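Let's take a walk through this protein together, one piece at a time. Keep the structure open beside you and find each part as we come to it.

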Amino acid sequence: MSDTKDAQNNNNSNANGTPAGRKPLSVSGGAGGGTVKQSFSHGRSKQVVVETKKKKRVVVPNKNGRPGGQPNAKGGKPMSAAAAAARKLGLSEEELRARQVALAHRKAAEEKRKAERELLENAQRQRVEKAKSLEAEAQERVDADVRRKAEEEERKQAEIDAKKAAAEASKQAAEEKKAAAEEESMAKRTAAPNPKREKRITKPDKPSSKPVEIQAEGPPPDPDALSELGGRIKKARPVGEEPAENRGNKPAPSRRSQPKRRQGKLTITAALGADEDRQRSLASYNRAKQKERERRLKMGKQEAEKQSREVVVPETITVQELANRMKERVADVVKFMMQQGEMIRGIDTLDVDTAELIVEEFGHTIKRVSEADVEIGLDGPTDDDGDLKDRPPVVTIMGHVDHGKTSLLDALRQTDVVGGEAGGITQHIGAYQVKLKSGDKITFLDTPGHAAFSAMRARGANVTDIVIVVVAVDDGVMPQTIEAIKHAKAADAPIIIAVNKCDKVDADPTKVLTELLQHDIQVEAMGGDVQAINVSALKKTGLDELTEAISMQAELLELKANPDREADGIVIESKLDKGRGPVATVIVQRGTLKRGDILVAGGQWGKVRALVNERGQQMKEAGPTVPAEVLGLDGAPSPGDPFVVVDNEARAREITEYRQRMLKDKAASAPGARASLEHMLARLKDGVTTEQAKEAQLVVKGDVQGSIEAITHSLDTLSTDEVKARVVYGAVGGISESDILLAKASEAPIIAFNVRANKQALALAEKEGVEIRYYSVIYQLLDDVKATLSGMLAPERRETFIGYAKVLQVFNISKLGKVAGCLITEGVVKRGCGVRLLRDDIVIHDGELSTLKRFKDEVSEVQSGMECGMGFVGYQDLKPDDVIECFEVEMIERSLD
Ligand SMILES: Nc1nc2c(ncn2[C@@H]2O[C@H](COP(=O)(O)OP(=O)(O)OP(=O)(O)O)[C@@H](O)[C@H]2O)c(=O)[nH]1
């Protein structure tokens with residue numbers, strides 16, 4: 001306290017140490033305090049004690065460690081410590097004090113800077129930590145999302161299992177309930193069971209409908225960071241704590257069943273991973289629906305507008321026709337081709353490759369067809385077995401001259417009950433049908449002999465079901481009898497032997513039957529399967545037996561046809577009637593032919609104007625095997641031509657035009673060479689290399705049986721594994737019309753050894769194009785056949801390289817297609833030579849040249865170093881830098897030697 005007083009005193013001292021302070025007013029007492037007299041009104045006064053607050057001052061310790069201001073030991077005026085220190089430093093006390101103040105200020109400033117630096121460092125550290133924690137949280141969220149999904153799946157599975165369990169339990173409960181009910185009924189008076197309790201007992205443990213809240217593990221995320229992400233996270237709830245909405249024993253509604261949009265909040269989990277659970281607003285849904293409706297409408301419209309079609313394209317087609325078939329505008333096709341650099345017009349003809357390009361460009365598919373495809377579908381559908389009904393047989397009568405064929409046919413005709421009753425005038429129309437007493441019907445081909453039969457077989461039409469071979473009992477088996485048997489066997493038609501003229505006195509049918517054994521005909525009486533009936537055309541005996549035999553044979557054959565379809569059949573004969581125009585006698589094979597039908601017969605067609613039967617009566621229709629004369633055709637078809645009813649005239653025209661064109665081409669290319677050795681070779685050169693084609697079929701006629709046998713044997717020795725000579729028919733005697741027809745049917749030439757053809761046979765051979773080769777020396781004959789067989793050996797193909805050309809540029813030239821501008825780099829290129837297109841040393845096409853041009857002219861060859869234009873047959877894919885290898889092909893004939 002005294003120190004303080006001293007300091008007070010020092011403060012009031014001047015520089016010399018003398019006190020310079022004022023004396024406080026009315027204050028009595030020491031320097032540290034005093035009293036003040038306070039005067040009030042009415043003369044009152046009061047003494048107030050005043051305490052003076054002492055000023056703080058810095059006390060500099062003196063040398064001895066004592067604070068300054070201590071009285072000097074030596075006595076004298078006491079000096080303050082500060083003054084002593086100042087004096088020691090050679091400074092005044094004030095200077096010292098100023099220095100101390102400055103020092104203190106600096107110190108304070110340093111302290112402040114240090115605090116600021118620390119503050120900055122702290123902020124920096126906090127930022128880094130915050131970033132790190134954000135990163136960790138993001139990772140945490142991803143992990144939590146994965147976990148959440150897994151748990152969600154588990155939960156769903158658990159729900160399914162629970163439902164199953166619930167279903168089982170409810171089933172069980174129902175059973176128990178039933179049992180309880182029974183119990184109840186038994187103990188009804190004792191105690192009524194509490195159904196509610198029972199229910200509670202039987203109720204299965206339902207899985208909690210409240211989904212488990214999935215919480216991300218780890219520390220709670222920084223709320224600031226979450227707010228930055230625009231969401232908030234649910235605080236982890238302590239395990240066991242009820243969620244807020246469940247508190248108050250409220251039933252917990254299934255959160256999944258609640259539409260989330262109604263909650264009005266978006267959780268982080270929902271935002272990050274539960275998109276599929278979010279529902280769209282109704283307006284959004286309606287908008288999307290409308291959009292989809294419009295899109296479909298548009299698509300449907302487009303589809304209706306643009307249909308992809310299958311376009312049928314033959315080898316060549318006009319631009320106009322192609323456009324029609326595609327249902328496109330010709331102008332569009334022309335425009336497209338112009339874009340491809342080709343100027344075409346509607347009437348121009350396109351090849352099938354170009355047509356394909358166009359068809360595909362217009363979004364359609366092409367169906368290539370050849371001209372022959374017009375015949376496709378002409379046969380119509382195959383009949384179902386259920387549609388087939390029994391039909392009468394078609395019978396042909398054959399036999400040797402004067403054995404009584406015509407007489408027998410006439411006699412059989414008179415068996416017709418209908419004709420007899422009607423009393424109509426019977427006329428020959430090539431075929432007729434008789435109705436037997438039994439009610440059976442038989443159709444006879446009224447063109448007895450081989451002519452009609454062979455003519456039909458030559459056209460591949462086996463209209464005959466049964467062949468009756470007539471043998472006169474007095475004459476026995478004769479050459480034409482044997483021919484008839486061969487014809488029948490070749491046609492695979494069953495034979496019935498009619499032994500005629502049995503009315504003759506010395507008739508011995510057994511002799512005839514024995515003779516037939518030599519020709520592989522074994523009749524039933526002799527243990528075989530061929531029926532033989534003794535008849536007399538003259539006396540009309542045995543006719544019933546014969547017709548019975550026919551009916552029995554027909555039964556065995558189970559002849560059936562569908563009458564309820566478009567008709568088809570065979571033309572039996574035809575003529576040009578002055579009054580009626582072209583008349584064709586036809587036999588219907590399937591279906592029913594009606595008046596008004598559009599008929600195509602061979603190369604002719606027409607609308608059926610009238611149908612006439614053999615009695616000259618008009619018919620409305622003709623069913624299976626009914627013969628009829630057809631009027632209305634535009635020309636006379638050939639016997640044996642098939643006929644068919646088609647849908648419309650256009651189709652009929654299309655077919656007949658094609659057939660007539662084919663006939664013309666055939667006539668032009670191989671006139672009269674149908675059954676010749678050259679024809680055989682031609683067929684081979686056309687690439688026909690089937691086993692059948694490698695067999696040279698021959699008809700041999702000789703003067704004596706010995707020469708026939710010698711020729712047949714020698715021809716056998718000529719045959720090899722590759723080629724064969726086969727005698728389809730060998731007989732003694734001159735060449736008859738029958739031989740010609742047989743040769744034609746077999747497409748075989750006739751080898752005549754020391755025999756000649758009669759006038760009619762020659763004419764027929766000329767007409768039918770059957771070759772007859774005459775020989776009198778057997779070696780010449782064998783040499784000729786050998787040469788033919790050698791020709792049948794596949795010729796050897798030899799290839800010779802002639803040059804190389806390089807494609808420089810490719811041009812599109814209308815009508816020619818793509819033409820390559822080439823430079824001949826080696827050798828020579830010749831018109832029509834074989835070419836191979838090489839691209840990067842790989843053969844990509846093998847064919848032949850279609851065009852070889854120098855400038856605008858077609859040339860025969862181009863030498864090395866010259867440029868030319870080259871086009872390929874049926875190939876367009878030419879590119880610059882392709883190499884064309886040119887070669888010539890030589891076919892080396894082989895010989896049997
Ligand atoms: N005795 C007898 N003679 C018959 C019989 N059938 C036919 N003839 C006679 O035989 C001859 C020939 O009869 P056609 O019916 O012309 O014999 P074809 O086989 O038709 O003769 P082509 O037409 O020349 O092949 C005639 O004179 C008939 O009268 C018969 O059953 N008994």
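## A walk through the fold

Of the protein's 897 residues, 37% count as buried. Keep in mind that what you're looking at is a predicted model. Count up the secondary structure and you get 22 helices and 35 strands. If you take the contacts with a separation of 6 or more, 66% of them are between residues 24 or more positions apart.

Let's begin with a pair of helices. Helix α9 covers residues 330–339 and helix α10 covers residues 352–361; their axes are 11 Å apart, and they pack at an angle of about 110°. Angles from 65 to 115 degrees count as roughly perpendicular, and α9 and α10 are therefore roughly perpendicular to each other. Which residues of α9 and α10 meet? From α9 come V333, F336 and M337, and from α10 come T354, L357, I358 and E361. Sorted by class, that contact has five nonpolar residues, one polar and one charged.

Next, look for an open sheet of six strands. Its order is β9-β10-β8-β11-β12-β13, and the pairing is mixed. The edges are β9 (431–435) and β13 (531–534), each of which pairs on one side only. Going from one strand to the next, the twist averages 30°. At the β9 end, β9 pairs with strand β10 (residues 441–445) in the antiparallel sense, over five bridges. To find the spot, look for A431, which stands opposite L445 in β10.

Now move along to β12 in this sheet. How many of its six residues are buried? Six of the six are, so to speak, out of sight: β12 is mostly covered. As a reminder, in a regular strand the side chains alternate between the two faces of the sheet. In β12, both faces are covered, with I495, I497 and V499 buried on one side and I496, A498 and N500 buried on the other. One neighbour of β12 is β11, which runs parallel to it and is joined to it by six bridges. Within that pairing, V470 stands opposite A498 in β12. There is a helix to find here as well: α15 (residues 509–517) lies across β11 (466–472), β12 (495–500) and β13, and runs at about 145° to β12.

Further along the chain, strand β23 (residues 642–646) has four of its five residues buried, so it is largely enclosed by the rest of the structure. Which strands pair with it? One is β15 (residues 568–577), which runs antiparallel to β23 and is joined to it by three bridges. There, G569 has F643 as its bridge partner in β23. Strand β18 (residues 598–601) also pairs with β23 in the antiparallel sense, over four bridges, and V600 stands opposite V644 in β23.

On to an open sheet of four strands, ordered β25-β24-β26-β27, with parallel pairing. At its edges stand β25 (724–732) and β27 (772–775); each has a single partner strand, so one side of each is left without a neighbour in the sheet. The twist in this sheet averages 25° from one strand to the next. Inside the sheet, strand β24 (residues 695–702) and strand β26 (residues 750–753) run parallel and are joined by four bridges. K701 is a handy marker, standing opposite A752 in β26. Helix α19 (residues 705–718) lies across β24, β25 and β26, and runs at about 175° to β25.

Then there's helix α20 (residues 737–746). Nine of its 10 residues are buried, so α20 is largely enclosed by the rest of the structure. The buried residues of α20 include two charged-looking names you may want to pick out, D739 and K744, along with S738, I740, L741, L742, A743, A745 and S746. Just after α20, E747 takes a positive phi of about 50°.

Last stop: the cysteines. How many disulfides does a search of the whole structure find? The search turns up zero. A disulfide is a covalent bond between the sulfur atoms of two cysteines. For C868, the closest cysteine sulfur is in C822, 5.3 Å away, which is too far for a bond. C868 counts as buried, at 6% relative accessibility, whereas C502 is partly exposed, with a relative accessible area of 23%.

Technical notes: Residues numbered from 1 in each chain as written. Predicted model: local features only at pLDDT ≥ 70, side-chain atom pairs only at ≥ 80, totals over all residues. Heavy atoms only, no water. Axes fitted to C-alpha atoms, helices over the stretch in contact; angles between N-to-C directions. Parallel < 35°, antiparallel > 145°, perpendicular 65-115°, else oblique. Contact = heavy atoms within 4.5 Å. Nonpolar A, V, L, I, M, F, W, Y, C, P; charged D, E, K, R; others polar. Pairing = 2+ DSSP bridges. Disulfide = S-S within 2.5 Å. Buried < 20%, exposed > 50% of the residue type's maximum accessible area, 1.4 Å probe, protein only.
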